[in-house]
Amino acid sequence: MGFTRINGKMVSAQVVPGQRILSQRGAMLGYTGEVSFQPNLMGGQGGVMSMIGRRVANEDTPLMTVEGHGTVMFGHGGHHVHVVDLVGDTLYVEADRLLAFEGSLQQSTMFMGQQGGLMGVVRGQVTGQGLFTTKLTGKGAVAVMAHGGVIELPIFPGQPVHVDPQAYVAHRGEVTNKLSTALGWRDMVGRGSGEAFQLELSGQGTVYVQASEVKL
């Protein structure tokens, strides 16, 4: 199926019998044909910790399962939409930036602390970003949202990339992340942007960065 770009803030997808699309609730802008929409609790594939995690992150709103035969248009809040095509690899997406994805992808929820340790927790508490990131694996398309557009930054071995945590959208490949601080603990009070925190991504892959620090 995949997603077709209508403009910078809208995409469309063909829905056919036997295949499905999952989208953020409220992302459907319009459709043609015989299409149905049903709630889908994302935690179902991620186990108990996934369900708990999404509630801790205030993300217990279910996704919508889209099925039938027709064309559906997606967008949300006037945000820029960027499409990522997976060919058997894995994409990690900040949960509130996930717009829609093909049902052929395996989904689960990853606690950012698994890669970032204690600093992963600090990242969520101080920067305002979610502690839980959606993990999508397999072959299929993913539509993500961003504020002001997206740039893809390559990550090469031995050449880590540093990103403002609030500008981070997603990453793919063999990549690990950790949060570092540019200021002392006393200086960080009340600061959540990249001036105080830097998300370091190392390994080999790609990180998707939005053009603005505005939280979605």
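Trainee: Where is the place of Leu136?

Mentor: Look at strand E9, residues 132-146; Leu136 sits there. Keep in mind that this is a predicted model.

Trainee: Why is Leu136 called buried?

Mentor: Its relative accessible area is 0%, and buried means under 20%, so Leu136 fits the term. Among the residues that Leu136 touches are Leu86, Asp89 and Phe101.

Trainee: You mentioned Asp89. What makes Asp89 and Arg172 a salt bridge?

Mentor: Their side chains meet at 2.6 Å, N to O. The cut-off is 4 Å, so the pair qualifies. Asp89 lies in strand E6 (residues 80-94) and Arg172 in strand E12 (residues 168-181), so the salt bridge ties together parts that are 83 residues apart in sequence.

Trainee: Is Asp89 buried or partly exposed, and how do you know?

Mentor: Asp89 has 23% relative accessibility. Partly exposed runs between 20% and 50%, so Asp89 counts as partly exposed. Arg172, at 15%, is buried because that value is under 20%.

Trainee: How many aromatic pairs does the structure hold?

Mentor: There are 2. One of them joins Phe3 and Phe74.

Trainee: Why is the pair of Phe3 and Phe74 called edge-to-face?

Mentor: The ring centres are 6.3 Å apart, within the 6.5 Å limit, so the rings pair. Their planes stand at 80°, which is over 60, so the pair is edge-to-face. Phe3 lies in the segment before strand E1 (4-7) and Phe74 in strand E5 (residues 63-74), so this pair links parts that are 71 residues apart in sequence. Both Phe3 and Phe74 are buried.

Technical notes
Residues numbered from 1 in each chain as written. Predicted model: local features only at pLDDT ≥ 70, side-chain atom pairs only at ≥ 80, totals over all residues. Heavy atoms only, no water. Phe/Tyr/Trp six-rings, centres within 6.5 Å; stacked < 30°, edge-to-face > 60°. Helix = DSSP H or I, 4+ residues; strand = E, 2+ residues; numbered from the N terminus. Buried < 20%, exposed > 50% of the residue type's maximum accessible area, 1.4 Å probe, protein only. Contact = heavy atoms within 4.5 Å. Lists of a residue's contacts leave out its neighbours within four places in sequence.
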